[in-house]
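Subject: Structure handover

Hello,

Please find the structure below, followed by notes on what turned up in it.

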Amino acid sequence: MSLTLTTPHTEAAPALAPRELETLRHIASGCTYLQAARHMGLSRHTIDAYLRRIRAKLNINTTAELTRLAISLGL
């Protein structure tokens, strides 16, 4: 039996900017906002801004939903 995760937000994912996708990948892999910022050479505040934009674009409210989206996108 195979488990397939689907999300209604998958169609909207191409609307994300490359840095937003990169941020999403880091957060979904378990990085804290500060760790993601360090990996990307950015400030924690920029990571916060990227995640706010992702949530607004895709109508996502929680980090768990962000992680689920990342998994469904293969990030």
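**Overall picture**

Of the contacts in the protein chain between residues at least 6 apart in sequence, 55% join residues at least 24 apart. Please keep in mind that this is a predicted model. The protein chain has 4 helices and 0 strands, and its pattern along the sequence reads α-α-α-α. It has 75 residues, of which 32% count as buried. The exposed area of the protein chain is about 4,700 Å², with 56% of it supplied by carbon and sulfur atoms.

**Helix packing**

Two of the helix contacts are described here, and α3 takes part in both.

The contact of α1 with α3 has an angle of about 100° and axes 9 Å apart. That angle makes α1 roughly perpendicular to α3. On the α1 side are Arg 19, Glu 20, Thr 23, Leu 24 and Ile 27; on the α3 side they meet Ile 47, Tyr 50, Leu 51, Arg 53, Ile 54 and Lys 57. Sorted by class, the residues of this contact are 6 nonpolar, 1 polar and 4 charged.

Helix α2, residues 33-40, packs on α3 at about 105°, and here the axes are 8 Å apart. α2 is therefore roughly perpendicular to α3. In this contact Tyr 33, Leu 34, Ala 36, Ala 37 and Met 40 of α2 meet a set from α3 made up of Arg 44, Ile 47, Asp 48, Tyr 50, Leu 51 and Arg 55. The class count for α2 with α3 is 8 nonpolar, no polar and 3 charged.

Ile 47, Tyr 50 and Leu 51 of α3 are listed in the contact with α1 and also in the contact with α2.

**Salt bridges**

Side chains of opposite charge can pair when their charged atoms come close. With a cut-off of 4 Å between nitrogen and carboxyl oxygen, the count comes to 4 salt bridges. Three of them are set out below.

Which residues does Glu 20 link up with in a network of salt bridges? The network consists of Glu 20, Arg 53 and Lys 57.

- Glu 20 with Arg 53: the closest N and O atoms are 3.0 Å apart. Glu 20 lies in helix α1 and Arg 53 in helix α3 (residues 44-58), so this pair ties together parts that are 33 residues apart in sequence.
- Glu 20 with Lys 57: the side chains form a salt bridge at 2.8 Å, N to O. Lys 57 is also in helix α3, so here the parts tied together are 37 residues apart in sequence.

Is Glu 20 buried or exposed? Its relative accessibility is 1%, and because buried means under 20%, Glu 20 counts as buried. Both of its partners are partly exposed: Arg 53 has a relative accessible area of 42%, and Lys 57 has 41%. Glu 20, Arg 53 and Lys 57 are also listed among the residues through which α1 meets α3.

The remaining pair described here is within α1. The side chains of Glu 22 and Arg 19 meet in a salt bridge at 3.0 Å, N to O. These two residues are 3 apart in helix α1 (residues 18-28), so about one helical turn separates them. Arg 19 is partly exposed, its relative accessible area being 32%, and it is one of the α1 residues that meet α3.

Regards

How values were computed: Residues are numbered from 1 along each chain as its sequence is written. This is a predicted model: local features need pLDDT of at least 70, side-chain atom pairs count only at pLDDT 80 or more; totals for chains, interfaces and linings use all residues. Side-chain values use heavy atoms; hydrogens and water are left out. Buried means under 20% relative accessible area, exposed over 50%, partly exposed in between (1.4 Å probe, protein chains only). Axes are lines fitted to C-alpha atoms, for helices over the stretch in contact, and angles run from 0 to 180 degrees between N-to-C directions. Angles under 35 degrees count as roughly parallel, over 145 as roughly antiparallel, 65 to 115 as roughly perpendicular and the rest as oblique. Contact means heavy atoms within 4.5 Å. Ala, Val, Leu, Ile, Met, Phe, Trp, Tyr, Cys and Pro count as nonpolar, Asp, Glu, Lys and Arg as charged, and the others, Gly among them, as polar. Accessible areas come from the Shrake-Rupley method with a 1.4 Å probe; for residues, only the protein chains shown count as cover.
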